[in-house]
Amino acid sequence: MLANARTRRIPQVWRVAILGALAALPATVILNWLPNSEATVGGGVMIVGALIAGAIATRRSVEPSAAGLRAGFLGGATAVAVFLIREGTTVVWSLNTSVFFAIAIVMVLSFTPVFGLIFGRIGGWVANTVADSGVDQAA
């Protein structure tokens, strides 16, 4: 009962975005097996996660653009966290470096939701197209 009460507090759009972001992690690992692939976790969540979130959102009567936007933000936050953990520990943090990275983080967190929105719409469109073509073939 307590777990059910917690999930009800999270809006449906965020649940779909988180589900898409989590589903993108194995997809990103598979993409990294391809030759010459340099897919990152943040990029995978931002693109593939938003695509999956848009498709799931369409099936659950949620706006795919909103789910993709949130999945894109989660991808940007993941990319920033991975960067800070990997590279941030090796950088000498002067005032100029700190200001530069603060501006860069704000910029990354500003444009990744836009990519998420675009790929969320694409995922919703693909889900609608595939569902509509299945209905047409059955009739």
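This is a short group-meeting talk on one predicted protein model, going from the overall fold to a surface patch, a pocket and a few single residues.

Okay, hi everyone. Before anything else, please keep in mind that what you see on the screen is a predicted model.

Let's start with the overall layout. The protein chain has five helices and zero strands. If you walk along the sequence, the pattern you read off is α-α-α-α-α. The chain runs to 139 residues, and 28% of them count as buried.

Now the surface. There's a nonpolar patch out there, made of Leu51, Val114, Ile118, Ile122, Trp125, Val126 and Val130. Taken together, those side chains belong to residues with about 610 Å² of accessible area. So where does the patch mostly come from? Helix α5, residues 95–138, gives the largest share, with six residues.

Let me pick one of the patch members, Trp125. Trp125 sits in helix α5. Is Trp125 buried or exposed? Its relative accessible area is 57%, and the cut-off for exposed is over 50%, so Trp125 is exposed.

Staying on helix α5 for a moment, have a look at Ser110, which is also placed there. Ser110 comes out at 47% relative accessibility, so it counts as partly exposed. For that label you need to fall between 20% and 50%. What is Ser110 doing relative to Gly72? In sequence these two are 38 residues apart, but from C-alpha to C-alpha the distance is 9.8 Å.

There's a second pair of that kind, Pro64 and Phe119. Here the sequence separation is 55 residues, and the C-alpha atoms are 9.0 Å apart in space. Pro64 belongs to helix α4. With 17% relative accessibility, Pro64 is under the 20% cut-off, and therefore it counts as buried.

Next, the pocket. The largest pocket has a volume of about 160 Å³. Which elements give two or more residues to its lining? Those are α3, residues 41–59, and α4, residues 64–86. Helix α4 provides the largest share, four residues. If you want to click through the lining yourselves, the residues are Ala39, Thr40, Val41, Gly42, Ala79, Val82, Phe83 and Arg86. By character, that lining splits into five nonpolar, two polar and one charged.

Last stop, the loops. Two residues have backbone angles I'd like to show you. The first one on my list is Asn36, in the loop between α2, residues 12–32, and α3. Its phi is near 60°, a positive value, and this is a residue other than glycine. Asn36 has 81% relative accessibility, which means it counts as exposed.

Then go on to the loop between α3 and α4, where you'll find Ser61. Ser61 also has a phi near 60°, again positive in a residue that isn't glycine. And how does Ser61 score for accessibility, buried or exposed? The relative accessible area is 73%, so Ser61 is exposed.

To wrap up, here's the picture to take back to your bench. We have a predicted model with five helices and zero strands. Helix α5 gives the largest share of the nonpolar patch, while α4 gives the largest share of the lining of the largest pocket. That's it from me, thanks for listening.

Terms used
Residues are numbered from 1 along each chain as its sequence is written. This is a predicted model: local features need pLDDT of at least 70, side-chain atom pairs count only at pLDDT 80 or more; totals for chains, interfaces and linings use all residues. Side-chain values use heavy atoms; hydrogens and water are left out. Patches are made of residues with over 30% relative accessible area and no salt bridge: like charges are joined within 9 Å, nonpolar side chains (Val, Leu, Ile, Met, Phe, Trp, Tyr) within 5 Å. Accessible areas come from the Shrake-Rupley method with a 1.4 Å probe; for residues, only the protein chains shown count as cover. A salt bridge is a side-chain nitrogen of Lys or Arg within 4 Å of a carboxyl oxygen of Asp or Glu. Buried means under 20% relative accessible area, exposed over 50%, partly exposed in between (1.4 Å probe, protein chains only). On a 1 Å grid over the protein atoms alone, a cavity is a set of points where a 1.4 Å probe fits but cannot get out, and a pocket is an open set with protein on both sides within 12 Å along at least five of seven lines; lining residues have an atom within 4 Å of a point. Grid points are joined across faces, edges and corners, and a volume is the space filled by probe spheres set on the points. Ala, Val, Leu, Ile, Met, Phe, Trp, Tyr, Cys and Pro count as nonpolar, Asp, Glu, Lys and Arg as charged, and the others, Gly among them, as polar.
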